[in-house]
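This briefing is for a reader who has not met this structure before. Please look over the sequence and the model, then read the points below.

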Amino acid sequence: MVAPPSTKNPFGVNSTRATVSAFPGLNTLGVSITRTDLAPGGINPPHSHPRGSELVLVVKGEVLVGFTTSSNILYSKVVKENELFIVPRGLQHYQLNVGTGDAVFMAMFDAQSPGLVVPTLGLFATKPAMPMEVLTKTFLLGVDDIDVMKSKFVGF
């Protein structure tokens, strides 16, 4: 028996991706898949896939899945085992384990390489660093508060 992927990280998440970069045989097929494991309370933080829509199938547990539209409307639902949820291409979305045990879901994409954009990393973990003035003005926070946020993403 194979041990489940480790979710021992600040987010309690592990994603195992099967995209064209890992499996060249997917080239030209227009599909890819990701298995995501969530520890109790674990989150797959807000992110987007600029080149693919996502079909989420919960295999184990209960997962709150949500996305926001370009009009800032949130659509979300607790998805249980063997239920599906669709996330349209390019929209910010997340998955949060709201059950009492581990959760597992499969995310299927209509693209061989859907891409992945994680805003928190793009703001707080860039090299070189995002200009402090951009961050303080964007979040309406002081330099000390931004430094605390940035310190949480060191090593990502």
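What follows covers the sheet, the nonpolar cores and four single residues.

The model is predicted. It contains an open sheet of four strands and a largest nonpolar core of 15 residues. Three of the residues described, H93, G42 and T19, are buried, while P50 is partly exposed.

**The sheet**

- The strand order in the open sheet is β3-β8-β5-β6, and the pairing is antiparallel.
- β3 and β6 (residues 74–80) are the edge strands, each of them pairing on one side only.
- From one strand to the next, the twist averages 15°.
- Seven bridges join β5 and β6, which run antiparallel to each other.
- Within this pairing, V78 of β6 is the residue opposite L64.

**The nonpolar cores**

- In the largest nonpolar core, the residues that touch the most other members are L38, V63, V65, F85 and F105.
- Two or more residues of this core come from each of β4 (54–60), β5 (62–68), β7 (84–87) and β9 (103–109).
- β9 gives the largest share, with four residues.
- Beyond four places in sequence, V63 is in contact with L38, V58, K77, V78, V79, Q95, L96, V98, A103 and F105.
- A separate core has five residues, including F124, A125, L135 and I146.
- In soluble globular proteins, nonpolar side chains tend to be buried together.

**H93, a buried residue in a strand**

- H93 belongs to strand β8, which spans residues 93–97.
- Its relative accessible area is 1%, so H93 counts as buried, the limit being under 20%.
- The side chains of H93 and E54 make a polar contact at 2.7 Å.
- A polar atom of the H93 side chain also lies 2.9 Å from the backbone oxygen of L91.
- With neighbours within four places in sequence left aside, the contacts of H93 are P45, P46, H47, S48, H49, E54, G66, F67 and V87.

**G42 and T19, buried residues in loops**

- G42 sits in the loop that joins β2 (32–38) to β3 (43–47).
- The relative accessibility of G42 is 2%, and therefore this loop residue is classed as buried.
- Residues touched by G42, apart from those up to four places away in sequence, are F11, G12, Q95, L96 and N97.
- G42 and L140 are 98 residues apart along the chain, and their C-alpha atoms are separated by 28 Å.
- T19 is in the loop between β1 (13–18) and β2.
- T19 is buried because its relative accessible area, 14%, is under 20%.
- A polar contact of 3.0 Å links the side chain of T19 to that of S21.
- Leaving out neighbours within four places in sequence, T19 is in contact with L26, S32, Q112 and P114.

**P50, a partly exposed loop residue**

- P50 lies in the loop between β3 and β4.
- At 40% relative accessibility, P50 falls between the limits of 20% and 50%, so this residue counts as partly exposed.
- Its contacts beyond four places in sequence are R89, G90, P114, G115, L116 and V117.
- From P50 to G25 the C-alpha separation is 22 Å, with their positions 25 residues apart in sequence.

How values were computed: Residues numbered from 1 in each chain as written. Predicted model: local features only at pLDDT ≥ 70, side-chain atom pairs only at ≥ 80, totals over all residues. Heavy atoms only, no water. Core = buried A, V, L, I, M, F, W, Y, C linked by side-chain atoms within 4.5 Å. Buried < 20%, exposed > 50% of the residue type's maximum accessible area, 1.4 Å probe, protein only. Contact = heavy atoms within 4.5 Å. Polar contact = N/O pair within 3.5 Å; in protein donor to acceptor, adjacent residues only side chain to side chain. Pairing = 2+ DSSP bridges. Axes fitted to C-alpha atoms, helices over the stretch in contact; angles between N-to-C directions.
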